[in-house]
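Student: I would like a close look at one part of this model, worked through pairing by pairing and then followed outward into its surroundings. Could you give me one connected account?

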2 protein chains.
Amino acid sequence: MTTHKPGTGRSNRKQVTVTDIAQACGVSRATVSLVLRGSPLVHADTRARVEAELKRQRYVYNRAAANLRRQTSSSVALVINDLSNPFFAEFAAGVDEALGEEGYVTLLGSTAESPQRQLAVLGSLVEHGPAGIILSPAEHSDGAALQRLLGAHTPALVFNRALPGVDWDFLALDNEHGARLATEHLLSLGHRRIAFFGGHADSSSCRQRRQGYSDAMRAAAIEPSPDWLVECSPTRVEAASRTAELFEHAPDATAAVCYNDTVALGLMLGLSARGIRPGLDFALTGFDDITEAALSTPSLTTLAAQPRACGRQAAELLLQRVRDPGALSRRVIAPVKLVVRGSSGAAAM
Amino acid sequence: MTTHKPGTGRSNRKQVTVTDIAQACGVSRATVSLVLRGSPLVHADTRARVEAELKRQRYVYNRAAANLRRQTSSSVALVINDLSNPFFAEFAAGVDEALGEEGYVTLLGSTAESPQRQLAVLGSLVEHGPAGIILSPAEHSDGAALQRLLGAHTPALVFNRALPGVDWDFLALDNEHGARLATEHLLSLGHRRIAFFGGHADSSSCRQRRQGYSDAMRAAAIEPSPDWLVECSPTRVEAASRTAELFEHAPDATAAVCYNDTVALGLMLGLSARGIRPGLDFALTGFDDITEAALSTPSLTTLAAQPRACGRQAAELLLQRVRDPGALSRRVIAPVKLVVRGSSGAAAM
DNA sequence: CTGAAAGCGCTTACAG
DNA sequence: CTGAAAGCGCTTACAG
């Protein structure tokens with residue numbers, strides 16, 4: 001338990017309860033409860049009288065009390081890095097939409113890519129007794145610590161980034177296939193010296209994308225040099241400032257497969273600053289298809305992940321797990337598709 | 001009460017409760033509770049023993065039960081149109097961040113700009129007993145219906161769009177001042193025939209922006225013709241297709257103050273389609289400073305609203321209200337500032 | 001400093 | 001078809 005001291009009261013005036021309704025109607029609380037839960041056991045007349053009274057007194061159901069008594073939950077926690085990342089915002093929108101349709105409410109939590117904050121946030125969320133947790137882990141998360149925190153209390157679904165050492169359900173983009181598509185696209189345009197730019201080798205999604213890239217290169221009989229892998233954090237500024245490094249390691253590169261859109265947009269800035277026109281002098285691809293991808297100059301060839309659909313799918317998978325906690329844990333791959341735009345238009349040299 | 005039938009159980013294995021801890025330590029449940037709540041009444045030795053046992057048994061606090069007993073709440077509902085709008089996503093991030101710091105959890109709800117969905121979503125959220133509600137109302141919301149739904153149960157704060165007929169706290173951007181700044185900027189560049197493009201007159205934010213526009217025009221001794229006001233829904237496609245209308249009504253306009261960024265980006269598309277180069281042949285400004293604004297071609301002169309800061313402020317205002325439900329309701333204006341970029345670069349003709 | 005008892009608002013066997 | 005009773009997990013006066 002944390003030491004926060006949250007709010008004062010549920011309400012100012014006191015709440016209308018089943019007892020109030022029961023008294024007003026001259027029935028027992030049990031009967032009112034049966035009406036509320038739509039039981040067919042109640043006589044139609046009684047039901048009508050109770051329902052009228054519920055409306056008249058503006059009764060609002062206290063779901064927390066019901067959940068306590070029934071040992072159920074009507075919420076699901078969603079923990080992501082940051083809503084200001086449009087990819088996660090769309091994902092969250094999809095999760096919330098699908099959960100809402102199933103009568104669940106979304107409890108939100110953000111980690112800002114900090115494993116410590118992630119533990120704190122999860123610790124606070126579990127106290128609210130969610131039926132399950134959808135977790136898009138912060139970088140460098142400690143899977144064992146998370147597993148210990150949630151215990152067998154709360155089923156979880158991990159999204160996007162593999163968490164070694166946990167046996168929760170896992171939903172991820174088809175990183176490998178996506179990167180292969182991007183690489184093949186650049187190869188088909190005649191590029192041979194293609195770098196892989198951005199990401200960190202200790203992230204599973206980065207490793208998978210690199211794998212897809214390498215596979216495609218080798219399939220084209222090109223052995224990708226380790227020099228062609230440039231690491232960089234997934235922010236625009238960082239990517240722009242690593243452009244120099246790219247050309248130190250791979251001076252004759254004519255194209256790059258970027259770890260994601262943010263990195264690609266940063267690289268475009270870095271290229272422009274060096275007088276290299278992205279899409280004309282140098283071809284590049286992103287990953288994610290964030291909104292900016294279609295709007296940048298040149299527009300960005302990328303892999304569309306349909307984050308909203310992923311969110312819906314995550315919600316559905318988690319609810320399946322909630323309903324059947326004993327089922328085997330699953331790994332589900334969400335498809336991505338290549339969207340060709342201006343940034344890959346540069347001719348190979 | 002809705003007829004949804006949410007989840008099965010809080011947990012698979014049964015929960016560890018204060019009773020379990022009390023028995024294991026040979027103390028009463030009251031003592032365990034006092035330890036949990038950090039009371040100084042407990043002997044240090046007893047406290048240590050209890051805390052060790054809490055850890056050993058992996059006890060997790062059941063906040064719902066505590067809230068029920070104490071008649072408190074530790075959640076706040078946040079209802080917005082859509083997380084896929086980056087402005088609202090940033091706003092939500094700010095809300096969640098500030099609420100988290102105060103020990104509250106955020107309950108999410110989206111309306112998709114539908115007043116019916118909004119009522120349904122709020123109806124479901126109040127059943128979870130939030131301490132308060134932050135509501136960014138859907139267009140054409142029925143204030144009276146909302147007021148009736150929430151009653152005096154739950155304090156609310158309205159964000160962004162005035163809700164006529166309610167007496168809740170209200171936080172809004174300084175629409176009038178922002179539009180005045182944009183208009184003055186265009187005037188200072190020599191433009192005289194400036195249109196106001198987008199929005200609907202029945203939205204309060206549109207009326208306020210138009211007001212700021214008119215004020216600035218009149219201050220420059222220009223009487224803005226009603227023909228210069230072109231209505232259009234705030235989507236990019238819609239704005240692009242209304243470009244024709246703009247030039248029917250104001251054939252000699254050289255510039256436009258747009259209702260918001262989305263509309264401005266749509267207008268840029270519409271202009272380009274007619275061979276008019278935005279930022280060169282025609283000057284325009286947006287409102288909101290969404291991420292795309294800096295990245296479009298040309299980049300968009302706009303009013304920066306700092307949505308994350310707004311979110312934090314909304315959370316703080318709401319919590320003040322929760323703590324002091326009797327206080328007078330407030331209207332707070334969040335400042336905006338002009339960001340000059342390429343789109344307003346066109347010379348006046 | 002600790003314990004026994006009552007109660008938050010709801011639901012669910014169990015009688016009738 | 002309806003009611004009396006017990007209980008979900010917690011907290012809080014009130015005694016001692």
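Tutor: Leu284(B), in E9(B), is the bridge partner of Ala256(B). The model is predicted, with local features requiring pLDDT of at least 70 and side-chain atom pairs pLDDT 80 or more, whereas totals for chains, interfaces and linings use all residues. Residues are numbered from 1 along each chain as its sequence is written, while chains are lettered from A and ligands numbered from 1 in the order in which they are written. Helices (H or I, at least four residues) and strands (E, at least two) are DSSP runs numbered from the N terminus, and two strands pair if DSSP finds at least two bridges between them.

The pair just named belongs to the junction of strand E8 (residues 255-258) of chain B with E9(B), two strands that run parallel and are joined by three bridges. That junction is part of an open sheet of four strands in chain B, which has the order E7-E6-E8-E9 and parallel pairing. Its edges are formed by strand E7 (229-230) and strand E9 (283-285) of chain B, each of which has a single partner strand, so one side of each is left without a neighbour in the sheet.

Two helices lie across this chain B sheet, with contact meaning C-beta atoms, placed from the backbone, within 7 Å; axes are lines fitted to C-alpha atoms, for helices over the stretch in contact, and angles between N-to-C directions run from 0 to 180 degrees. Helix H8 (residues 175-188) of chain B lies across strand E6 (194-197), E8 and E9 of that chain, at about 170° to E8(B). Helix H12 (residues 261-273) of chain B also lies across E6, E8 and E9 of chain B, here running at about 150° to E8(B).

Turning to chain A, four strands form an open sheet there in the order E7-E6-E8-E9, and the pairing is parallel. Strand E7 (229-230) and strand E9 (283-285) of chain A are its edge strands, each pairing on one side only. Within this sheet, strand E6 (residues 194-197) of chain A runs parallel to strand E8 (residues 255-258) of chain A, and four bridges join them. Helix H12 (residues 261-273) of chain A packs on the sheet, where it touches E6, E8 and E9 of chain A, and its direction makes about 150° with that of E8(A).

The individual partners in E6(A) can be followed as well: Phe196(A) has Val257(A) as its bridge partner in E8(A), and Phe197(A) has Cys258(A) as its partner in that strand. E6(A) is also joined to E7(A) by two bridges, the strands running parallel, and there Phe197(A) has Val230(A) as its bridge partner. In a regular strand the side chains alternate between the two faces of the sheet. Both faces of E6(A) are covered, since Ile194(A) and Phe196(A) on one side and Ala195(A) and Phe197(A) on the other are all buried; a buried residue has 20 or more other C-beta atoms within 10 Å of its own, an exposed one 12 or fewer, and a partly exposed one a count in between, with C-beta atoms placed from the backbone.

Another strand of chain A with two covered faces is strand E3 (residues 132-135), in which Gly132(A) and Ile134(A) on one side and Ile133(A) and Leu135(A) on the other are all buried. E3(A) pairs in the parallel sense with strand E1 (residues 75-80) of chain A over four bridges, and Leu135(A) stands opposite Val79(A). E3(A) also pairs in the parallel sense with strand E4 (residues 156-159) of chain A, over three bridges, with Ala156(A) in E4(A) as the bridge partner of Ile133(A).

Tyr104(A) lies in the loop between helix H5 (86-101) and strand E2 (105-110) of chain A and is buried, with 26 other C-beta atoms within 10 Å. Although Tyr104(A) and Ala131(A) are 27 residues apart in sequence, they are 9.0 Å apart in space, C-alpha to C-alpha.

Finally, H4(A) has Arg63(A), Ala64(A) and Asn67(A) as buried residues. Seen down the axis of H4(A), these fall within an arc of 100°, so they line one face of the helix, the arc being that of the directions from the helix axis to the C-beta atoms. The buried residues of H4(A) pack against H4 of chain B, and H4(A) is followed by Gln71(A), whose phi is positive, near 60°.
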